[in-house]
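Q: I have a structure open and do not know where to begin. Can you walk me through it?

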Number of protein chains: 2
Amino acid sequence: MSKKIPPIEEISKFHGHICPGLTLGYRAALLALAWLEHHRSEDEEVVAIVENRACGIDAIQYILGTTAGKGNFFIEDYGKHVYTIANRNTGKALRIVVKPKGRWAKEGETREETIQRLLSMPAEDLFDTREEAIDLPPKAQVLQSVVCESCGEAAMETKIRLYQGRKLCIPCFEHESGNSTCLLR
Amino acid sequence: MSKKIPPIEEISKFHGHICPGLTLGYRAALLALAWLEHHRSEDEEVVAIVENRACGIDAIQYILGTTAGKGNFFIEDYGKHVYTIANRNTGKALRIVVKPKGRWAKEGETREETIQRLLSMPAEDLFDTREEAIDLPPKAQVLQSVVCESCGEAAMETKIRLYQGRKLCIPCFEHESGNSTCLLR
């Protein structure tokens with residue numbers, strides 16, 4: 001819950017490189033962090049619902065502590081640069097929408113010039129934001145594991161399927177039964 | 001591509017806290033890093049396919065540079081502590097399976113004692129590993145954006161749907177047409 005804001009270099013070290021997409025995500029994450037009064041999620045108290053799978057979501061994970069492994073990072077892949085950040089403690093949510101590219105892109109710049117400009121542009125020229133009410137996604141569950149009777153590997157009990165009286169993990173179930181589980185997960 | 005191995009404290013700062021699940025993921029990630037000859041993914045050259053949504057996958061993201069935002073991190077949620085790491089440059093893949101809990105858990109320990117033990121146990125007591133051939137997932141695509149004719153927000157063109165002659169983003173399409181797109185994504 002430190003108030004120190006990580007510089008973009010720290011996020012690019014996590015992401016692997018720096019690019020305009022990561023920079024836009026970084027600016028969105030800083031906006032969300034200010035709205036959260038600089039509270040980075042230690043556990044699941046902050047939730048992020050991101051509507052794309054592009055570079056910027058790594059900045060959201062890194063800055064807000066809403067990470068894939070913590071059950072508070074949800075990807076609804078609509079291919080939209082939209083980030084909804086919710087605070088379970090207050091029940092409030094902020095929707096951050098990147099304005100269409102035509103509103104902030106500039107022709108003839110180098111990649112480095114674009115990154116620098118995106119870092120310094122006023123947030124209101126890049127994003128539309130509004131507070132809104134959302135239904136919070138359920139919290140992550142920790143359940144017991146069951147050993148698959150085919151491969152011998154363990155799987156969370158809710159992911160076990162039954163076939164001919166045996167408890168199977170999903171890959172073994174699909175392989176042995178010929179059934180796909182995509183509608184059952 | 002630094003050979004410096006991040007300490008668990010650095011990963012727990014990213015994750016938000018330290019726990020046995022993160023520690024197991026950290027040990028798996030270090031095993032994969034050694035197999036990759038200490039190459040952390042700058043772009044998409046390393047791929048991770050993780051079979052759960054639990055804490056350990058944050059260590060995989062952080063250590064290997066296979067992150068949700070870079071298109072080289074795939075969650076196949078079978079509820080299994082299994083991590084498959086592939087190297088696009090060599091075409092090889094390593095499957096790392098956490099042994100069933102009964103093989104490495106110990107009753108009556110404090111959380112801190114468990115973490116310390118997991119950090120120091122021999123890798124072969126925690127994991128089964130094997131090199132295997134896999135079909136590599138496709139690389140991420142960067143496509144143009146189209147502005148939704150209902151909400152005015154931009155979406156990647158492959159995510160646009162048509163309804164009554166208008167180009168709509170998925171949430172507007174679902175709202176206006178009453179059709180779910182879950183089988184169309």
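A: Start with the contact between the chains. This is a predicted model. In it, chain B brings 45 residues to the contact and chain A brings 46 residues.

Q: Which three residues supply 18% of the area that chain B buries against chain A?
A: They are Phe14(B), Tyr78(B) and Glu153(B), and no other three residues supply more. Now take the whole interface. The area buried between chain B and chain A is about 3300 Å². Carbon and sulfur atoms give 53% of that area.

Q: What confidence does the predictor give the complex?
A: Look at the scores for the complex. The ipTM is 0.92 and the pTM is 0.93. Then look at a single chain. Chain A has a mean pLDDT of 93. In chain A, 96% of the residues reach 70 or more.

Q: How many salt bridges cross the interface of chain B and chain A?
A: First, the general idea. Side chains of opposite charge can pair when their charged atoms come close. Here the rule finds eight salt bridges across the interface of chain B and chain A. Over all chains, the count comes to 20.

Q: Where can I find one of them?
A: Try Lys13(B) and Glu10(A), which form a salt bridge. Their closest N and O atoms are 4.0 Å apart. The pair crosses between chains: Lys13(B) sits in helix α1 of chain B, and Glu10(A) sits in helix α1 (residues 8–15) of chain A. Next, find Asp77(B). Its salt-bridge partner is Lys159(A), with the closest N and O atoms 3.5 Å apart.

Q: How many residue pairs are in polar contact between chain B and chain A?
A: The count is 23 residue pairs, with both residues at pLDDT 80 or more. Now see which parts of chain B take part in the interface. Helices α1 (8–15), α3 (56–64) and α6 (170–177) each supply at least two residues of the side that touches chain A. Strands β4 (92–98) and β7 (154–156) of chain B each do so too.

Q: What kinds of residue make up the side of chain B that touches chain A?
A: Sort them by type. That side of chain B has 20 nonpolar, 10 polar and 15 charged residues.

Q: Where do the domains of chain A lie along its sequence?
A: Domain 1 covers 8–132, and domain 2 covers 145–177, according to the domain assignment of chain A. The C-alpha centres of these two domains of chain A lie 38 Å apart.

Note on methods. Residues numbered from 1 in each chain as written. Chains lettered and ligands numbered in written order. Heavy atoms only, no water. pLDDT = per-residue confidence, 0-100. Contact = heavy atoms within 4.5 Å. Buried area = accessible area lost by both parts, 1.4 Å probe. Salt bridge = Lys/Arg side-chain N within 4 Å of Asp/Glu carboxyl O. Polar contact = N/O pair within 3.5 Å; in protein donor to acceptor, adjacent residues only side chain to side chain. Helix = DSSP H or I, 4+ residues; strand = E, 2+ residues; numbered from the N terminus. Nonpolar A, V, L, I, M, F, W, Y, C, P; charged D, E, K, R; others polar. Domains from an automatic or database assignment.
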